[in-house]
Amino acid sequence: MEIVSRSLAALMLIILSPIFLLISSGSLLFQGFPILFKQERVGFKYNLFKLYKFRTMKVNNDNKSVTETGDRRITTWGKILRKIKLDELPQLWNIVKGDMRFVGPRPEVEHYVTKESFR
């Protein structure tokens, strides 16, 4: 089943590449670099990996790991991407790499998870 998920994600990356290019161009125009946001997350069996998303927040944003309702760190462009969930598209690469799957628990920030919660 995992090979099906990974293959489907790879196919989606290819098909959606024009959308990736548009979002990347918009992000560069409205927010500048970096375009992608990377964060260490905990996956299956407490494996750590880098999660990828399109950046939706200001750079140097107090180093908080969780977003709050009405968070002022989110840019206008970021609000649009989040509203229609396009900021999540780079996670297809995480599926191709085998870090996560289409269906399953959402990877969490490490300091909110204990190894005991995975047993």
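## A tour of the fold, one residue at a time

Lys 50 is partly exposed, with a relative accessible area of 39% (partly exposed is the band between buried, under 20%, and exposed, over 50%, using a 1.4 Å probe and protein chains only). This is a predicted model, so to speak a computed picture: local features need pLDDT of at least 70, side-chain atom pairs count only at pLDDT 80 or more, and totals for chains, interfaces and linings use all residues. Residues are numbered from 1 along each chain as its sequence is written, and side-chain values use heavy atoms, with hydrogens and water left out.

### Charged pairs

Let's stay with Lys 50 for a moment. Which residue does Lys 50 form a salt bridge with? Its partner is Glu 40, and the closest N and O atoms of the two are 3.9 Å apart (a salt bridge is a side-chain nitrogen of Lys or Arg within 4 Å of a carboxyl oxygen of Asp or Glu). Glu 40 belongs to strand E1 and Lys 50 to strand E2, so this pair ties together parts that are ten residues apart in sequence. (Helices, H or I with at least four residues, and strands, E with at least two, are DSSP runs numbered from the N terminus.) Like Lys 50, which has 39%, Glu 40 falls in the partly exposed band, with a relative accessible area of 35%.

How many salt bridges turn up in a search of the whole structure? The search finds seven. Here are some of them:

| Pair | N to O distance |
|---|---|
| Glu 40 and Lys 50 | 3.9 Å |
| Arg 73 and Asp 71 | 2.5 Å |
| Lys 97 and Asp 99 | 3.3 Å |

Are Arg 73 and Asp 71 buried or exposed? Arg 73 counts as buried, at 7% relative accessibility. Asp 71 gets the label buried too, at 9%. So here is a salt bridge, 2.5 Å from N to O, whose partners Arg 73 and Asp 71 both count as buried.

Lys 97, on the other hand, is partly exposed, with a relative accessible area of 32%. Elsewhere, salt bridges that share partners join Glu 2, Arg 6 and Arg 101 into one network.

### A nonpolar patch

Charge isn't the whole story on the surface. Leu 8, Leu 11, Ile 15, Phe 102 and Val 103 form a nonpolar patch there, and together they have about 500 Å² of accessible area. (Patches are made of residues with over 30% relative accessible area and no salt bridge; like charges are joined within 9 Å, and nonpolar side chains, meaning Val, Leu, Ile, Met, Phe, Trp and Tyr, within 5 Å.) One of the patch residues, Leu 11, sits in helix H1, which covers residues 2–15. Leu 11 is partly exposed, with a relative accessible area of 45%.

### From H2 to E1

Now for the loop between helix H2 (17–30) and strand E1 (36–42), where you'll find Gly 32. Gly 32 counts as buried, at 18% relative accessibility. From C-alpha to C-alpha, Gly 32 and Val 4 are 35 Å apart in space, with their places 28 residues apart in sequence.

Pro 34 lies in the loop between H2 and E1 as well. What is the form of the peptide bond from Phe 33 to Pro 34? That bond is cis, with omega near -10°.

### From E1 to E2

The loop between E1 and E2 holds Lys 45, and Tyr 46 has its place there as well. Lys 45 has a positive phi of about 55° although it is not a glycine. Tyr 46 has a positive phi too, of about 60°, and is likewise not a glycine. Their surroundings contrast: Lys 45 is exposed, with a relative accessible area of 60%, whereas Tyr 46 is buried, with 18%.

### Past E2

Where is Lys 58? Look in the loop between E2 and helix H3 (76–83). Lys 58 is partly exposed, with a relative accessible area of 47%. Glu 88 is 30 residues away from Lys 58 in sequence, and their C-alpha atoms are 17 Å apart in space.

Note on methods
Accessible areas come from the Shrake-Rupley method with a 1.4 Å probe; for residues, only the protein chains shown count as cover.
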